[in-house]
Protein chains: 2
Amino acid sequence: MTSCHRGAKGLSRAERVAIFGGSHGNEMSGVTLVKLWLENGVEIRRRGVEVTPFIANPRAVETCTRYIDSDLNRAFTTENLRAPHCEDLPYEVRRAQEINQIFGPKGSQDAYDVIFDLHNTTSNMGGTVILESTQDDFNLQMVHYIQSAIAPASCSVLVNDHPVLKYATTRSVAKHALGLEVGPQPQGVVRGDILEIMRKILKHALDFIELFNGGMEFPPCTVDVYRVSERVDYPRDECGNISGLVHPDLQDRDWEPLNPGEPIFQMFDGRTMLYEGDSTVYPTFINEAAYYEKRQAFVTTRKDQLESSKELLHQTSINRRL
Amino acid sequence: MTSCHRGAKGLSRAERVAIFGGSHGNEMSGVTLVKLWLENGVEIRRRGVEVTPFIANPRAVETCTRYIDSDLNRAFTTENLRAPHCEDLPYEVRRAQEINQIFGPKGSQDAYDVIFDLHNTTSNMGGTVILESTQDDFNLQMVHYIQSAIAPASCSVLVNDHPVLKYATTRSVAKHALGLEVGPQPQGVVRGDILEIMRKILKHALDFIELFNGGMEFPPCTVDVYRVSERVDYPRDECGNISGLVHPDLQDRDWEPLNPGEPIFQMFDGRTMLYEGDSTVYPTFINEAAYYEKRQAFVTTRKDQLESSKELLHQTSINRRL
């Protein structure tokens, strides 16, 4: 268990919230929902908060591909955001700069309070919220609220604060960054069941923000999370070609325990490759289509519990108390 | 039931057989298997037949997309195959001409005897063989053999000889054209279970050819098939944008009966759209990723039975008899 001792502090109201669809143009639940809300935003309207639906990578959406030149959801590095304008900048770097201008600047007081970034995966991950930090009480209380509200359905929480595997996401522009990742859904397809899971998680998330802004106090909470531990590549031959498949015993078993000695790959030559770690892990993003090019068959995670520092209340409520 | 009265005639031995993977570059079972067999073809070797594995659209395979300029599996029209060489011919038209040169010419005595074209679908179709004619005794006996050999697993047979919906496939170059379509599998992903289904169907198909070439006689047979009947588009608003999803009651129900009055689409405005046909149909290719651009949410099929004309035997066997 990781105990985070932080001083209780009041947070500002989350008054500017954005919902990004199409950070990857072929992940269709987010694209579909954001397009709907751009036409009619009643469903995402909440008291005391401005909610902005936004297509993050319109050219990729138009061509129904993940990206045009490079992965937008890896593009929000300091280097990219500061790159001087020129003709041959990759489209997604230019787009990252635009997004940073509209919703950021990243890391500044002017940045949006919250960005929800809607993603789909071909992996059997169900509804998942991805956090980028263990230190964000607001997000922690939000996912705790979502998990309670959505029960008996579940919403897993994946924390990627890995020093190497963490990447510069589109949502990282905001003060509070949340990825919503729902699967399994093939690229380029909208499935009603998957869309509904995403819609429900987001509904509860917006409800939470409304309640928080309205002055509700949230008692200290503990959240079960999976923390990214290790990236595992497909087995490869000496030329770098993939030489085996995700083992049928592992396929679709996102979030289930994987013990040392259990199968992970079925090799083309008939052998079985076993997991050689020294303790139980919880794989996820198993056999995600977009991660072949990133040389990742799955990531392992470890279970952890995160505690909010104390109760969560916003600055106005604190002032009222004093 | 369609009864096909054709004269019993001996067929030539099927001595030249090709297996195409990557007609669509992101349908990974075929790409993976063909790549394996190009390195080591022991598994597809059979007595009395030359079996050629072949990557049909190498540039699409390289970029893991369906196609580069246009759909190769629609490109084998007379017009395309006769188009004069020029710089700005779409890549797939040039590739179709190359394939026609190597494995055809289409419609000629010089064409390959059999082409198996390996495809994946995001639809829940299981293992399926697609035929383009009801009049091909050789193919009919082959699928009958596959169905018997693969039991208790099933292998559906889809016949697309629809005057409008039939298209000019890659495999149509051969005398006997067979598509193998296995799903569900997302584009860009290899699933072990799906790959194994494809591998098994093909194994039995090649076994059949070996037996046929070896002189085995096949008694008259009857095969249950689904014949393509109608293409159904997604519902659209006045601007042509999709205004609803495949209904959860229909999603994943490929080959199951759909009766008039049953739900087919869940509209974004909350309404349910019902099937308005006048009799029971059997939908398939439900919510296939690649067919959004073709304005097709699913095709309806009707059940039929095809009969082979008489027993199947090849010319040498007939001569031996006479």
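1. A salt bridge is counted here when a side-chain nitrogen of Lys or Arg lies within 4 Å of a carboxyl oxygen of Asp or Glu. A:Arg191 and B:Asp252 meet that rule, with their closest N and O atoms 2.7 Å apart. The structure is a predicted model, and every point below should be read with that in mind. Two salt bridges are counted between chain A and chain B.

2. The interface as a whole comes next. On the chain A side, 19 residues are in contact with 18 residues of chain B. About 1,800 Å² is buried between the two chains, and carbon and sulfur atoms give 61% of that area. A:Arg191, A:Leu245 and A:Phe268 supply 25% of what chain A buries against chain B, more than any other three residues. A:Arg191 thus appears both in this trio and in the salt bridge to B:Asp252.

3. Polar contacts also cross the interface of chain A and chain B: the rule finds six residue pairs, with both residues at pLDDT 80 or more. On the side of chain A that touches chain B, the elements giving two or more residues are helix H1 (28-39) and helix H6 (192-213). The residues of that side divide into nine nonpolar, seven polar and three charged.

4. UniProt, in an unreviewed entry, lists two domains on chain A. Residues 15-209 carry the feature "domain: Succinylglutamate desuccinylase/Aspartoacylase catalytic". In the model this stretch of chain A is 35% helix and 19% strand, and its end C-alpha atoms are 9 Å apart. Residues 222-303 of chain A carry "domain: AstE/AspA barrel-sandwich hybrid", also from an unreviewed entry. That second stretch is 0% helix and 34% strand, with end C-alpha atoms 13 Å apart.

5. The UniProt annotation "binding site", again from an unreviewed entry, covers A:Asn73, A:Arg74, A:Tyr167, A:Ala168, A:Thr169, A:Thr170 and A:Arg171. These residues are spread over 99 residues of sequence, yet they cluster in space, the largest C-alpha distance being 10.8 Å.

6. Two of the annotated residues can be placed in more detail. A:Arg74 sits in the loop between helix H2 (58-63) and helix H3 (78-82) of chain A. Leaving aside residues up to four places away in sequence, A:Arg74 touches A:Arg66, A:Tyr167, A:Ala168, A:Tyr291 and A:Lys294. A:Ala168 belongs to the loop between strand E5 (156-159) and strand E6 (176-183) of chain A. With the same neighbours in sequence left out, the contacts of A:Ala168 include A:Asn73, A:Arg74 and A:Lys106. A:Ala168 counts as buried because its relative accessible area is 16%, below the 20% cut-off.

7. A:Arg74 is also part of a network of salt bridges that links A:Glu27, A:Arg66, A:Asp71, A:Arg74, A:Glu293 and A:Lys294. Over all chains, the count comes to 43 salt bridges.

8. One salt bridge lies within a helix. The side chains of A:Glu98 and A:Arg95 meet at 2.7 Å, N to O. Both residues are in helix H4 (residues 91-103) of chain A, three residues apart, about one turn of the helix. A:Glu98 is partly exposed, at 37% relative accessible area, whereas A:Arg95 counts as buried at 10%.

9. Which parts of chain B does the pair B:Asp113 and B:Lys175 link? The closest N and O atoms of this salt bridge are 3.5 Å apart. B:Asp113 is in the loop between helix H4 (91-103) and strand E3 (114-120), and B:Lys175 is in the loop between strand E5 (156-159) and strand E6 (176-183), 62 residues apart. B:Asp113 is buried at 10% relative accessibility, while B:Lys175 is partly exposed at 33%.

10. A further pair in chain B joins B:Arg171 to B:Asp117, with the closest N and O atoms 3.7 Å apart. B:Arg171 lies in the loop between E5 and E6 and B:Asp117 in strand E3, 54 residues apart, so this pair too links distant parts of the chain. Both residues are buried: B:Arg171 has a relative accessible area of 2% and B:Asp117 one of 0%.

11. A last residue to check is B:Asn213, in helix H6 (residues 192-213) of chain B. B:Asn213 is buried, with a relative accessible area of 3%. Not counting residues up to four places away in sequence, B:Asn213 touches B:Arg13, B:Ala14, B:Glu15, B:Gly48, B:Val49 and B:His314.

Notes
Residues are numbered from 1 along each chain as its sequence is written. Chains are lettered from A and ligands numbered from 1 in the order in which they are written. This is a predicted model: local features need pLDDT of at least 70, side-chain atom pairs count only at pLDDT 80 or more; totals for chains, interfaces and linings use all residues. Side-chain values use heavy atoms; hydrogens and water are left out. Contact means heavy atoms within 4.5 Å. Buried area is the accessible area (1.4 Å probe) that two parts lose on being put together, summed over both. A polar contact is a pair of N or O atoms within 3.5 Å; within protein, one must be able to donate a hydrogen and the other to accept it, and residues adjacent in sequence count only if both atoms are side-chain atoms. Helices (H or I, at least four residues) and strands (E, at least two) are DSSP runs, numbered from the N terminus. Ala, Val, Leu, Ile, Met, Phe, Trp, Tyr, Cys and Pro count as nonpolar, Asp, Glu, Lys and Arg as charged, and the others, Gly among them, as polar. UniProt positions are given in the numbering used here, feature names are shortened, and annotations may be inferred rather than shown by experiment. Buried means under 20% relative accessible area, exposed over 50%, partly exposed in between (1.4 Å probe, protein chains only).
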